[in-house]
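Okay, let's get going. I'll talk through one complex today, chain by chain, and you can follow along on the screen.

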Amino acid sequence: MQAANTTTYQFEIAYYNRQGTLMRILGIVTRRGLELPYVHAETSGDMHKVTLRATVNPKQLGQLCREWSVTPDVVEIREPIRVLGTWNAFRRARGKVSARMRGLARAESPRQPWRAALARLFAFVPSR
Amino acid sequence: MRTGAEIVWACLRAEGVDTVFGYPGGAVIPLYDALAGSGVRHILARHEQGAVFAAGGYARSTGKVGVAIATSGPGATNLVTGIADARMDSVPLMCITGQVRTGLIGTDAFQETDVFGMTLSLTKWSRLVLSTEEIPEVVAEGFHLARSGRPGPVLLDFPVDLLKGKADVRIPASYRPKPRSHGPHSARTEFPAAALRSLLLSSGKPTALVGAGVKLAGAHSALERLLDALQVPTGATLHGLGAVSHAKPYFLGLVGMHGSRAANVALNEADLLLVFGARLDDRVTGDPSKFALGARIVHLEIDPSQVHRVRNYELPILGDLAETIPQFHDAIADLRLPSWGDWKKSLAELRNSENNAPGKALPALHFFDELYALLPENAIVVVDVGQHQMWAAQRYRAHSPRGFITSGGLGAMGFALPGAIGVQLARPTALVVCISGDGGIQMNIQELATIRRYGLAIKVLILDNKFLGMVRQWQQLFYDHNYAETDLSDNPDFVMLAGAYGIRGRRIGVDPSQINGLPADTREVLKAFLDSPDPELLVFDCPPEANVFPMVPSGAAISEMLLEEN
């Protein structure tokens, strides 16, 4: 259930991958009781990049970005991207996209790489 | 070749550390083994929380980084409250913990805790050190981060085998941060002089708010010069007290939950709020959604995470207040400012007619007046948490930027006694008065032994109302007098207890026959207490059901002040 006045955003944060930096980045979200339905961290040049999603109200949006900005070893915070759909919305719409869901179900089987499944699942949503 | 422990001490010396506070244990024995000859003075607390609060007091009174040492496991967990306190109040703190040897990490070994993990959200930066060779770099980086920008706590966790291991390392003379490794640096922008001037000229009701950031930046003199030029009504947060003289006609006193009526009215009815180094927390704003609704806010702040907290401010000015306050002054130097006569007059009238109807708190308030009247200029009061803290703040009149020290953000009971130890060691010639309640003093009372051990002439004042007074006040006002578990009427005899620690104790009570509610010899007792060259403890038997007013109920707007019980 999504609280009123909240929006799901996708955040991209570049950071130096030193002890605890990723956990500090995520902790700034979780200390507010927010869920992290999607987190993906990877190398990005000589740095790392974490992409995460959280459903926040406008006040929290500002708080998160400002707190990340003063976290040691955080280098850059991209402008958050508003996500127009969510996992739940996607699941509720299951009947209409059954073919796609079937594809995903296959993708989520142990024979398929999980990464490809996630990429397909989230491919439809990002939009400014 | 030096051992890791010797390298740690050498690094501390290189950072200018002369005093550390700690408590030994298995995982830090190598560190203590190398202490002799390190050139660093170690103060043995009687509990790790005492050590970390003492380090916090040391840092708060000097601006230098305080250092606390504890062993792994319970020693490390006992530091956590002090780390949180330092985080909330922007105190530069270096915590050094021992850890089980590297091969045992993650095995739930004896006295193993993941102190690195458990303090991630409290520390500004931390490191589980994984090689003896990297010690100089991480210590230097830790100190740099603890004291730079908005100061805060740093933790370094040393596995015991690293402290015993040897390495041939060079201690860097100075630390150079890696480019952009400590947070993105906002592009330096021009000071918004024109916008500031425009806001000031269009304002009919300007108010200034002074916070801890002014003192941390050492910008109190510059701010006072600016305020002298502006002549706008001014209030101070708990940590802002002492930055501006109470003698200034524009100064209205403490703001917030127990602030003065004039200061709170000025804050809430302003159409322009000039905020200097304050983070506008809930104890200052009351209900943020109802705070200063008609005000445009100019916020001078070093920490970008602290702006726009209440709502979007018109003019955030990010930067070191030591730079931005003089820039502010330059910006208005040639400005013909309005007099704001009606606004100032109405607030002055409010201030002069301030009647807090103290009721049963009358003796306590007069007691603080008597105490403060006797304190020399170099006195530092270190105050615990509760009703006495608010009375101490309401009556504080000294103009001393580091003269009023307390745990403000975290509100950690038990801070004052060990905090005063750190202050006294940092400022040996200052008269240090620890002001605590009967609840708070018992949270770290073992530190009386530390006072005795080092012969510190700290004056320990206990306001004993035989209650957890502030909680009881809330229970009385908002929970229908249900004093659940706040009765401390079975307190020990603090005078006898002081005697057991080898410290002289005295007691003073109230005298209802006197106008001020205090015995006629109060001043003499206080003078003897303060003039003693030895540590002293004085118990003031305070009326049990005295309350602190004014009071903004939690969650209410600051305009909804309670001025008296009825």
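Let me start with how contacts in chain A are spread along the sequence. Take contacts between residues at least 6 apart in sequence: 67% of them join residues at least 24 apart. Before I go on, keep in mind that this is a predicted model. On the scores, we have ipTM 0.92 and pTM 0.92. Chain B averages a pLDDT of 94, with 97% of the residues at 70 or above.

Right, chain A. There are 128 residues here, and 19% of them count as buried. Chain A has 5 helices and 5 strands, and if you walk from the N terminus you get β-α-β-β-α-β-β-α-α-α.

So which strands does β1(A) pair with? One is β3(A): β1, residues 7-15, and β3, residues 47-56, run antiparallel over 9 bridges. If you want a spot to click on, A:Phe11 sits opposite A:Leu52 in β3(A). Then there's β5(A), residues 81-83, also antiparallel to β1(A), with 3 bridges between them. There, A:Gln10 has A:Ile81 as its bridge partner. And β4(A) pairs with β1(A) too, antiparallel, over 3 bridges. In that pairing A:Ala14 is matched with A:Glu76 of β4(A). For anyone who wants the reminder, strands of a sheet pair through backbone hydrogen bonds, in either a parallel or an antiparallel sense.

Now, the interface. How many residues of each chain are in contact with the other? It's 18 residues of chain A against 18 residues of chain B. On the chain A side, three elements each supply at least two residues: α1 (21-30), α2 (58-69) and β4 (74-77). The largest share comes from α2(A), with 4 residues. By class, that chain A side splits into 6 nonpolar, 6 polar and 6 charged residues. Note that β4(A) turns up twice in this story: it contributes to the side that touches chain B, and it pairs with β1(A).

Over to chain B, and a helix pair to begin with. α1(B), residues 4-14, and α7(B), residues 135-147, have axes that come within 10 Å and cross at roughly 35°. The crossing is right-handed. Which residues meet there? From α1(B) you have B:Gly4, B:Ile7, B:Val8 and B:Cys11, and from α7(B) you have B:Ile135, B:Pro136, B:Val139 and B:Ala140. Count by class and you find 7 nonpolar, 1 polar and no charged residues in that contact.

Next, sheets in chain B. I'll show you two. In one, 6 strands form an open, parallel sheet in the order β11-β10-β9-β12-β13-β14. The edges are β11 (251-254) and β14 (315-318), each pairing on one side only. On average, neighbouring strands in this sheet are turned by 15° against each other, ignoring direction. Zoom in on β9(B), residues 206-210, and β12(B), residues 272-276: they pair in parallel over 5 bridges. Within that, B:Ala208 stands opposite B:Leu274 of β12(B).

The other sheet is also open and parallel, with 6 strands ordered β16-β15-β17-β18-β20-β19. Why is one side of β16(B) and of β19(B) left without a neighbour in the sheet? Because β16 (404-406) and β19 (504-508) are the edge strands, and each has a single partner strand. Here the average turn between neighbouring strands is 20°, again ignoring direction. Within this sheet, β15(B), residues 380-383, and β17(B), residues 432-437, pair in parallel over 4 bridges. B:Ile380 has B:Val432 of β17(B) as its bridge partner.

This sheet has helices on it as well. α18(B), residues 416-426, packs against it and touches β15, β16, β17 and β18 (459-464), with its direction at about 175° to that of β17(B). Then α22(B), residues 522-531, lies across β18, β19 and β20 (536-541), running at about 160° to β19(B).

That's the tour. If you'd like to rotate something while we chat, I'd go back to the chain A side of the interface, with those 4 residues from α2(A), or to the crossing of α1(B) and α7(B) at roughly 35°.

Methods: Residues are numbered from 1 along each chain as its sequence is written. Chains are lettered from A and ligands numbered from 1 in the order in which they are written. This is a predicted model: local features need pLDDT of at least 70, side-chain atom pairs count only at pLDDT 80 or more; totals for chains, interfaces and linings use all residues. A residue is buried if 20 or more other C-beta atoms lie within 10 Å of its own, exposed if 12 or fewer, and partly exposed in between; C-beta atoms are placed from the backbone. Two residues are in contact if their C-beta atoms, placed from the backbone, lie within 7 Å. pLDDT is the predictor's confidence in each residue, from 0 to 100. Ala, Val, Leu, Ile, Met, Phe, Trp, Tyr, Cys and Pro count as nonpolar, Asp, Glu, Lys and Arg as charged, and the others, Gly among them, as polar. Axes are lines fitted to C-alpha atoms, for helices over the stretch in contact, and angles run from 0 to 180 degrees between N-to-C directions. A crossing is left-handed if the near helix is turned anticlockwise from the far one by less than a right angle, and right-handed if clockwise. Two strands pair if DSSP finds at least two bridges between them.
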